Every structure is written in C-alpha cells, then in structure tokens.
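Biologist: I would like a close look at one part of this model and at what surrounds it. Please go through it step by step and explain the terms as they come up.

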Amino acid sequence: MSSQTITAAAAGTWKLGDLPVHRIGFGAMRLTGSAAFHHGTPSDRARSIAVLRKAMDLGVNHIDTAAFYFSSLRSANELINSALAPYPDDLVIVTKVGPYRAYDGQWGTSARPEDLRGHVEENLRQLGRDHLDVVNLRRMPTYDSITEHFGALAELREAGLIRHLGISNVTSRHLAEAQAIAPVVCVQNRYALDRPDPATDELLRICGEQGIAFVPFYAVAGEAAEQGVTTSHDEDVHAVARAHGASPAQIRLAWTLHQGPHVLAIPGTGNPDHLTENVAAGAIRLTDEDLNRLNGLQTRPVA
C-alpha cells in the first residue's frame, strides 16, 4: 500500500467528550530520544519538531504527552509548544499526571492528591496553555483506589484548568469509582495484539457500551514496551501484512483500530517515515479472515 497521501482522516473519528479527534493520533514519548525517558541518546531537536509538524500536515489532531516525558536534553511538551504553538483550533492535547520524575530524571514518589495541581500547572506551563484539553490520571501501584486522586482532578476541572478527564492503568472497578465523581472521556491501558488480557478486554467492552474512548498504549511495541517497536512478529502477522502490502507494525495498528469504533491509537515515533507509515495504517481494512487469524494470537497460550 502507498502511504504518501493517506491522512489521519482515513481512520475515522471519535469524540473525547465534545472534542472530535481522528482515531490515529500521536504519542509524544519517543520524541525525546533513542529510548524512553532519560535512557539512550537525546533526539535531534530539529528532527523532532519536523515530525510534529508533519503529523499536523497528515491530519493528526490528537497528541498524547506528559510533563515526565523528557530525556537529558529534550522535553516532549517543550517540543510540542515550540513546533505547534499557536495551536491549531482542532488539535487536542492529552496529558497525564500521577507519576513524578525529578529534574535529574530519576523517578520520585507518586503524586498524592494534593500534589496533582502542581502536576497540572507544570503541563500548562510547558505547553503554554491556560487549560488542558484532557488529563488522564495514571493510577500508580502505591494506591489501589483512585477516588481521592480523581476527586482532586475533578476539582481542577471545576476550576477551569482542565476540560475533560480520563484514567489510565485501571480496571473496570476504577472506572466505576471515577464515574461516581465526574465524567470519564477516555481510558488508557496497555493493550496489544500479542498480549492477551481478559480484564482489559472486559474494560474495552464496557468503554464501548458507554461511549468512552479506549486508548491503548504499546499497541505497536507489544512486549518491548518502552524499549520501542517490537521486531518479534508472529507468522500470522507477517502473512496478513504481505496480503495488504503493509508492514507488521501497520497490521498491529490496524488490528487495534478494528477492536471497536471507540478505540483510538497513539503510536509514537521520532522518525518522519515511521510517522507516515503509522498514519497510513488507519486506511487498512482487515477482512473477517484476517481478523480471525490475528485474533487467534489473543487466545494462544503464552510460552
């Protein structure tokens, strides 16, 4: 398949609350260097800025980021601000709070509820905005219930600092906790073709029934997670890729989008060619035979 003229519109649209977005978005984590966070070699700043601007040219209007996405020299939020401000009217920037990294890059203590205003204000400062479109509360292992943390964000929403709220790294129980406090527009959990997870399957189903966006992370990376795009693809993935003249990574993204009209994808890259390829995956239409073949990877026993 040719990727050159395919834009994010080919994937269709969904709404985060009242904010329409194309179902193929962009994850900013990999803008900052050769590996996530403070590991690896810092990115070339001009190239990262070019990737962001190319994303806009390709119709991407949903960026996922966080203040804790930074390497020794680069900050994802600063790159977004420098590349895109003044921001297009239709651009939706989604941030997340909860985890904390000190200025030296080391992970610190997870945020307490009273800390979250500072996390939100840091994102506002870095992005150069007076409000955040969507803020996801990333649940950390240090707290089981999210009631207090989500309640703190709901207060910031009432104060006008946040437009919409989401949650991340959660179960269906956490979704119910949050919804008892304020509307939830998106759920962001780890989810991939080769990583069966019945609990997340159930959460994906609930989100679909309630009109909530489900936004998987590591959909392309799979088990490689923050290390980057996996190079380990099952033969079934390769076979479907050959049938569509696509790459295995594109098939993984296409399968993700086929899990429901409410499912969004946020692949990240610092490579402009990979960006074009990722966006083009939104135009792939898998057949029932393709899906049956790929779905078999979800039920296959893990070695």
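Modeller: Contact means that heavy atoms lie within 4.5 Å of each other. Helices (H or I, at least four residues) and strands (E, at least two residues) are runs assigned by DSSP and numbered from the N terminus. The model is predicted: local features need pLDDT of at least 70, side-chain atom pairs count only at pLDDT 80 or more, and totals for chains, interfaces and linings use all residues. Residues are numbered from 1 along each chain as its sequence is written, and side-chain values use heavy atoms, with hydrogens and water left out.

I will begin with a pair of helices and move from there into the sheet. In helix 2 (residues 76–84), the residues N77, E78, I80 and N81 meet N123, Q126 and L127 of helix 3. By type, the residues of this contact divide into 2 nonpolar, 4 polar and 1 charged. Here Ala, Val, Leu, Ile, Met, Phe, Trp, Tyr, Cys and Pro count as nonpolar, Asp, Glu, Lys and Arg as charged, and the others, Gly among them, as polar. Two packed helices are described by the angle between their axes and the distance between the axes. The axes of helix 2 and helix 3 (residues 116–127) come within 8 Å and cross at roughly 35°. Such axes are lines fitted to C-alpha atoms, for helices over the stretch in contact, and the angles run from 0 to 180 degrees between N-to-C directions.

After helix 2 comes a loop that leads to strand 5, and P86 has its place there. A cis peptide bond, with omega about -5°, joins A85 to P86. Most peptide bonds are trans.

Helix 3 also lies across strand 5 (92–97), strand 6 and strand 7, and runs at about 145° to strand 5. These strands belong to an open sheet of 7 strands in the order 3-4-5-6-7-8-9, with parallel pairing. Two strands pair if DSSP finds at least two bridges between them. Strand 3 (26–27) and strand 9 stand at the edges with a single partner strand each, so one side of each has no neighbour in the sheet.

Strand 6 and strand 7 (residues 162–168) run parallel and are joined by 6 bridges. L137 stands opposite I167 of strand 7. N136 lies in strand 6 (residues 132–138). Is N136 buried or exposed? Buried means under 20% relative accessible area, exposed over 50%, and partly exposed in between (1.4 Å probe, protein chains only). N136 counts as buried because its relative accessible area is 1%. Leaving aside neighbours within four places in sequence, N136 has contacts that include D64, V94, K96, I167, C186 and Q188.

I167 also turns up in the largest nonpolar core, which has 86 residues; L153, I167 and V187 have the most contacts inside it. A nonpolar core is a set of buried Ala, Val, Leu, Ile, Met, Phe, Trp, Tyr and Cys residues joined through side-chain atoms within 4.5 Å. Helix 8 (residues 248–257) supplies the largest share of this core, 6 residues. Of the 10 residues of helix 8, 10 are buried, including Q250, R252 and T256. Beyond its sequence neighbours within four places, L153 touches V97, L116, V120, V135, L137, I162 and L165. Another core, of 12 residues, lies apart from the one with 86; L19, V92, V94 and A213 are among its members.

The loop between strand 7 and helix 5 holds N169. The phi of N169 is positive, near 60°, although this residue is not a glycine. Most residues other than glycine have a negative phi. N169 counts as partly exposed because its relative accessibility is 29%. T171 lies in the loop between strand 7 and helix 5 (172–179) as well, and is partly exposed at 33%.

Towards the edge at strand 9, Y191 and F214 form an edge-to-face aromatic pair, with 5.6 Å between centres and 90° between planes. Rings of Phe, Tyr and Trp (its six-membered ring) pair if their centres lie within 6.5 Å; planes under 30 degrees apart are stacked, over 60 edge-to-face, and the rest tilted. Y191 sits in the loop between strand 8 (186–188) and helix 6 (198–210) and F214 in strand 9 (residues 213–214), so the pair ties together parts 23 residues apart in sequence. Both Y191 and F214 are buried.
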